[in-house]
Amino acid sequence: MPGPTLQLKPVQPLSSRKSENRRLSDKHGREIHYLRVSLTDACNLRCVYCMPEHMKFRPQSENISLAEYRRLLPLFHALGFDKFRFTGGEPTLHPQLTELIAETAALPGAPFVALTTNGMLLPKLARPLKTAGLRRVNISLDTLDPARFRQMSRRDGLDAVLRGLDAAEAAGLEIKLNAVTVRNFNEEDFVPLARFSLDRPWQVRFLEMMPFGNNEHFQNGQRVEEDSVKARIEAALGKLEPVGNGLDGEARVYRVPGAKGTVGFISPVSAPFCGDCNRARLTADGKLRLCLLKDDEVDLLTPLRKGADNAALENIVRAGIWEKPWGHELAFRRFSHNRGMSEIGG
Ligand code: SAM
Ligand code: SF4
């Protein structure tokens, strides 16, 4: 279901900071330069915290085509976006993922290109994606137990994901692991997952489950407190030491003493990081989504298909970014209703 259309205000001036003067700012003074691009709402898993079991996916004709991405992604880049993450749904299902990564990575200044994936198709794709210019892969892995994997994702696939991890490592990709923490589902896995950080230079991140209007009861009811995840890990592996200033983007980052990698906690509900948000999202059906957890969106694909030139599209993006909401309002039980996670991409 598409989101509400924003009433666009007059175009804001480009950020006046000299060193990064191409970047856009919103009206709260945040520089927005990181675009998360959801390539499809379709997926080969059906994770319980992400989508309903019998999810219907949009026809591909309603999604942005390769030719349209070739207009839009350079346009965002020209507006100062210098970090791009491809996500989904499951982005590795997109038939032109490799081309999209290669063309984005080859834009002037070599923007940082990352991918969030469930890892199932990485055994085949890790090497070509690395060659195309992919720098980092965030692989979602909630459990190391095949039965729990089936329970959480409603599909089999643990073996493929583990082979995907090996392939990503062999291809030389920077790796982060994402585990959503879900009460009565994967508490037994927190320590085994954290153990990956002991002898690998990976960041293993524990994600607090976020609520959306269509599944709020489950997502709020089964959320696990960050402190209890940390306590389990510390009881088994020793005291977690903060790394550097303790922050890496939205993650609070620690190290098990002596470990090669790190353990991160991302808790958007109990510890929001909206004040530091630098992101916008492009949904597969061509909407600029201004906050993960709010319905506000600006349509780009309709004007593009009606013949808008680049200057007009840039103005739509600028005006939309200016209106980026300050942050989510989960504390007031205000949830996003127009899309679930699989249609946004995280
Ligand atoms: N299919 C890919 C994957 O699973 O990595 C990319 C899309 S998925 C929506 C992006 C990330 O969002 C994944 O790490 C997933 O675990 C996480 N996620 C999905 N639903 C969530 C929720 N309700 N709360 C927190 N994280 C969630
Ligand atoms: Fe698919 Fe990723 Fe959602 Fe799981 S979290 S259902 S893998 S989109």
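Two strands are said to pair if DSSP finds at least two bridges between them, where strands (E, at least two residues) and helices (H or I, at least four) are DSSP runs numbered from the N terminus.

**View 1. Strand 12 and strand 13 form a hairpin.** In this predicted model, local features need pLDDT of at least 70, side-chain atom pairs count only at pLDDT 80 or more, and totals for chains, interfaces and linings use all residues. Residues are numbered from 1 along each chain as its sequence is written, ligands are numbered from 1 in the order in which they are written, and side-chain values use heavy atoms, with hydrogens and water left out. Strand 12 and strand 13 (residues 287-289) run antiparallel and are joined by two bridges, with leucine 282 standing opposite leucine 288 in strand 13. Four residues lie between the two strands, and glycine 286 in the turn has a positive phi of about 85 degrees.

**View 2. Strand 12 (residues 279-282) is covered on both faces.** Arg279 and Arg281 on one side, and Ala280 and Leu282 on the other, are all buried, that is, under 20% relative accessible area with a 1.4 Å probe and protein chains only. Strand 12 also runs parallel to strand 3 (residues 34-38), to which four bridges join it, and arginine 279 is the bridge partner of tyrosine 34.

**View 3. Residues surround ligand 2.** Those with a heavy atom within 4 Å of the molecule include Cys43, Arg46, Tyr49 and Asn118. The shell around ligand 2 divides into six nonpolar residues, two polar and one charged, where Ala, Val, Leu, Ile, Met, Phe, Trp, Tyr, Cys and Pro count as nonpolar, Asp, Glu, Lys and Arg as charged, and the others, Gly among them, as polar.

Key. Buried < 20%, exposed > 50% of the residue type's maximum accessible area, 1.4 Å probe, protein only.
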